[in-house]
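Work through the exercises below with the structure open beside you. Try each task before reading its solution.

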Amino acid sequence: MAAALERPPRKKTGSLFVDLPDERPNELALRALLAPDATAAGVLGDGHDDASDAEAPGVVGSRATRARVAVLERPRFRPMVVPESARLAKELGDEPVEPPVVEETREVDGETKTVVRYAAWLETQAYGDDLKFVNADFVEFDLNASKIMIAQERGLGKGGHFWDGAYVLTESMIVSPPRALVNKPAPSVLELGAGAGLAGIALALGYETSRVTLTDGDAGVLGLLRQNCHRNRCSARVTRLCWRLDDGDDGDAQGADAWHPPPPVAGEDEAAAEKYDVIIAAEAVAPIYDARALVATLRRHAHAKTEVRLVCKDGRWPDHAEFFYNTLGEHFDYKVQTPITKLKVTYFKVVTAKLKKAERPPVVPERGLDPAVTAERADESA
């Protein structure tokens, strides 16, 4: 039988998308994905007997038809087969009333603005390039019963608009939050390359006692970050922080196209010497960024128990991803996992990392405890 699929509960049919690599889809997986509460006969037809789940895959598979899935137009990266929720809803007798409204005009701060409803776009995902919302003034998100409005400024370039990786990172922290957010009364959080700020703002609103610092290297982007924090009543600190190589490093970046940060300015990098319980970043691994400077910055701000969580586009830039993982692995123990996400695209990965034991700074003994006991507790919590 098909293995059980791990996923958070979804209110709407077809909200989780996975690759179905076989030429003929696995009908048991389809049942679990598309109609979790339906009987096998309801999905596969009256001729199907539940007892046949134990039959040979070839026999059971012959009953499946491709009418229950839709093949999307092939993207540049790799083909994927996904459920088509509207078609399935119609087959199950729950035909959608009308297509969701993705973009609309609203009065915001006394002016007419264009607002993209991200939840509505997720229903269809009829278009999905990185710049799909770049002309919208705002992107609105429904996360954990809260609405978050993220303003965009096209003139700021890459950092001035929302990227899907920030949503994947936010989903990841909702589904499986870092332990420090759950166990510590006031965890400190650092977001690198925060851009428009969705992930960090969502985290700060979801964990009100957390001390969140949102950073970016661009002055214009920092202004946008402050506006978005104010609009969403988020008390996170916003400050400039550029990724830098360690002193004495030869500065040999991955390639001539990699971005090199400007020299430090006295007094601007407020967070430069601080350590954090959680460090997050979305879409920070790309050929235009110096992978070695990113890893050096992670090391600089990590203590023995710091949990690092990144979202990377491995399928987009496999060569750069390999270089980044090799560099990261020199100093961190890490895992690369496929995210549980509503997005159809398949090139995102969630990376969790902690400093290697040899890299961790010495543990300061707790008052009244033997240093060996303190060190043992640190190893257990790690």
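The exercises go from the whole chain to its sheets, then to one residue and one cavity.

**Exercise 1. The chain as a whole**

Task: State how many helices and strands the protein chain has, and what share of its residues is buried.

Solution:
- Step 1. Note the origin: this is a predicted model.
- Step 2. Count the elements. The protein chain holds 12 helices and 13 strands.
- Step 3. Check burial. Of the 382 residues in the protein chain, 46% are buried.
- Step 4. Look at contact range. Take the contacts in the protein chain between residues at least 6 apart in sequence; 66% of them join residues at least 24 apart.

**Exercise 2. The sheet of 4 strands**

Task: Give the strand order of the open sheet built from 4 strands, then place helix α9 against its strands.

Solution:
- Step 1. Read the order: β3-β4-β5-β6, with mixed pairing.
- Step 2. Find the edges. β3 (103-108) and β6 (146-151) are the edge strands, and each pairs on one side only.
- Step 3. Add the twist, which averages 35° from one strand to the next.
- Step 4. Take one pair. β5 (residues 138-143) and β6 are antiparallel, with 6 bridges. In this pair, E140 of β5 faces M149 in β6.
- Step 5. Place the helix. α9 (residues 219-231) lies across β3, β5 and β6. It runs at about 155° to β6.

**Exercise 3. The sheet of 7 strands**

Task: Work out the order of the open sheet of 7 strands and say which strands stand at its edges.

Solution:
- Step 1. The order is β9-β8-β7-β10-β11-β13-β12; the pairing is mixed.
- Step 2. β9 (237-240) and β12 are the edges. Each has a single partner strand, so one side of each has no neighbour in the sheet.
- Step 3. Neighbouring strands of this sheet are turned by 20° against each other on average, direction ignored.
- Step 4. α11 packs on the sheet and touches β11 (302-313), β12 and β13 (348-355). Its direction makes about 145° with that of β12.
- Step 5. For a parallel pair, take β7 (residues 188-191) and β10 (residues 276-282), which share 3 bridges. V189 sits opposite V278 in β10.

**Exercise 4. Strand β13**

Task: Describe how β13 pairs with β11 and with β12, and explain why β13 counts as largely enclosed.

Solution:
- Step 1. β11 and β13 pair antiparallel over 6 bridges. K313 stands opposite F348 in β13.
- Step 2. β12 and β13 also run antiparallel, joined by 6 bridges. Here Y334 stands opposite A353 in β13.
- Step 3. 6 of the 8 residues of β13 are buried, so the rest of the structure largely encloses this strand.

**Exercise 5. Residue H331**

Task: Is H331 buried or exposed?

Solution:
- Step 1. Locate H331: the loop between α11 (318-329) and β12 (332-337).
- Step 2. Apply the cut-off. Buried means under 20% relative accessible area. H331 has 16% relative accessibility, so it counts as buried.
- Step 3. List the contacts. Beyond its neighbours within four places in sequence, H331 touches V295, R299, L355, K356 and E359.

**Exercise 6. The cavity**

Task: Which residues line the largest cavity?

Solution:
- Step 1. Search the whole structure: 1 cavity of 30 Å³ or more turns up.
- Step 2. The largest cavity holds about 50 Å³ of space.
- Step 3. Its lining is D130, L131, K132, F133, V134, Q152, H161, F162, W163 and D164.
- Step 4. Sort the lining by type: 5 nonpolar, 2 polar and 3 charged.

Conventions: Residues numbered from 1 in each chain as written. Predicted model: local features only at pLDDT ≥ 70, side-chain atom pairs only at ≥ 80, totals over all residues. Heavy atoms only, no water. 1 Å grid on protein atoms, 1.4 Å probe; cavity = no way out; pocket = protein on both sides within 12 Å on 5 of 7 lines; lining within 4 Å. Points joined across faces, edges and corners; volume = space filled by probe spheres on them. Nonpolar A, V, L, I, M, F, W, Y, C, P; charged D, E, K, R; others polar. Helix = DSSP H or I, 4+ residues; strand = E, 2+ residues; numbered from the N terminus. Buried < 20%, exposed > 50% of the residue type's maximum accessible area, 1.4 Å probe, protein only. Contact = heavy atoms within 4.5 Å. Pairing = 2+ DSSP bridges. Axes fitted to C-alpha atoms, helices over the stretch in contact; angles between N-to-C directions.
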